[in-house]
Amino acid sequence: MLLAPNDRSLFNEGKLDESVNALRDFLNVQNADDAKDASRQMGLAAVSKIYDWVKINSTWENSVDYKWRRSDDVWSGEYVDQERFHDLKVQHENAAEPTFFDSEISGYLVGFDVKRRRFHIVTLADDDISGKIDESFVEPSAVVSADSRYRAYIRETTTRFAATGKTETKYTLLKLQPDG
């Protein structure tokens, strides 16, 4: 049994009650949007620790029956089975928030694979940018050749994963024009 001091007022719940309620909210999400809301409410530090606990229980196919008892003999808790841990893990992993930023850059095309729909360009500032070619991409009227200078219209998609705080950035080539 874990005991923790929990100061309570006559009209209000204590800090531990808030933590127990936050854990319950985290464990009761039904979809990725609920998971994002729980993550915003709790903050990254708490979410990542609880997500690690969920992930471990999912991986090891554990079930957990957790219970809390307040000083006024009120009990709280629930049974979380292994299937629920797996569902929670997936829902929290899918809770991602993408942001999009379109830009125009100049650089040298060093790779262009129409079959695999991939590109690679090195900017004039010597930044490497590679990614996929957009489905709506229209090939320029001129022949595309490697080591030539182009103006590229790029969409940068940065996705932040709510459960871990990690970000992933991907680039999409929207348009390509000879530069200069």
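Let me start with one residue: Arg155 is partly exposed, at a relative accessible area of 30%, where buried means under 20% relative accessible area, exposed over 50%, and partly exposed in between (1.4 Å probe, protein chains only). Its side chain forms a salt bridge with Asp102, the closest N and O atoms being 2.8 Å apart, and by a salt bridge I mean a side-chain nitrogen of Lys or Arg within 4 Å of a carboxyl oxygen of Asp or Glu. Asp102 lies in strand E3 and Arg155 in strand E6, so this pair ties together parts that are 53 residues apart in sequence. Asp102, for its part, is partly exposed at 44% relative accessibility.

Before going on, please keep in mind that this is a predicted model, in which local features need pLDDT of at least 70 and side-chain atom pairs count only at pLDDT 80 or more, while totals for chains, interfaces and linings use all residues. Residues are numbered from 1 along each chain as its sequence is written, and side-chain values use heavy atoms, with hydrogens and water left out. The mean pLDDT of the chain is 86, and 88% of its residues reach 70 or more; pLDDT is the predictor's confidence in each residue, from 0 to 100. Among the elements, helix H1 (residues 15–27) has the lowest mean, 80, and E5 the highest, 96. Helices (H or I, at least four residues) and strands (E, at least two) are DSSP runs, numbered from the N terminus.

Now to the strands, where two count as paired if DSSP finds at least two bridges between them. E3 and E6 (residues 148–161) run antiparallel and are joined by 14 bridges, with Ile105 standing opposite Ala152. E6 also pairs with E7 (residues 167–178), again in the antiparallel sense, over 11 bridges, and one of the bridge partners there is Thr167, set against Arg160. The hairpin of E6 and E7 has 5 residues between the strands, and within it Gly165 takes a positive phi near 80°.

How many salt bridges does a search of the whole structure find? The search finds 11. One of them joins Glu168 and Lys170, with the closest N and O atoms 3.6 Å apart; Glu168 is partly exposed at 35%, whereas Lys170 counts as exposed at 51%. Salt bridges that share partners also join Glu104, Arg149, Arg151 and Asp179 into one network.

Helix H4 (residues 82–93) offers another case, since Lys89 and Glu93 meet there in a salt bridge of 3.2 Å, N to O, and, because they are 4 residues apart in the helix, they are separated by about one helical turn. Is Lys89 buried or exposed? At 18% relative accessibility Lys89 counts as buried, while Glu93 is partly exposed at 29%.

Finally, two residues other than glycine have a positive phi. Glu61, with phi near 55°, sits in the loop between H3 and strand E1 (64–69) and is exposed at 55%. Asp126, with phi near 70°, is found in the loop between strand E4 (118–123) and strand E5 (128–133), and counts as exposed at 61% relative accessibility.
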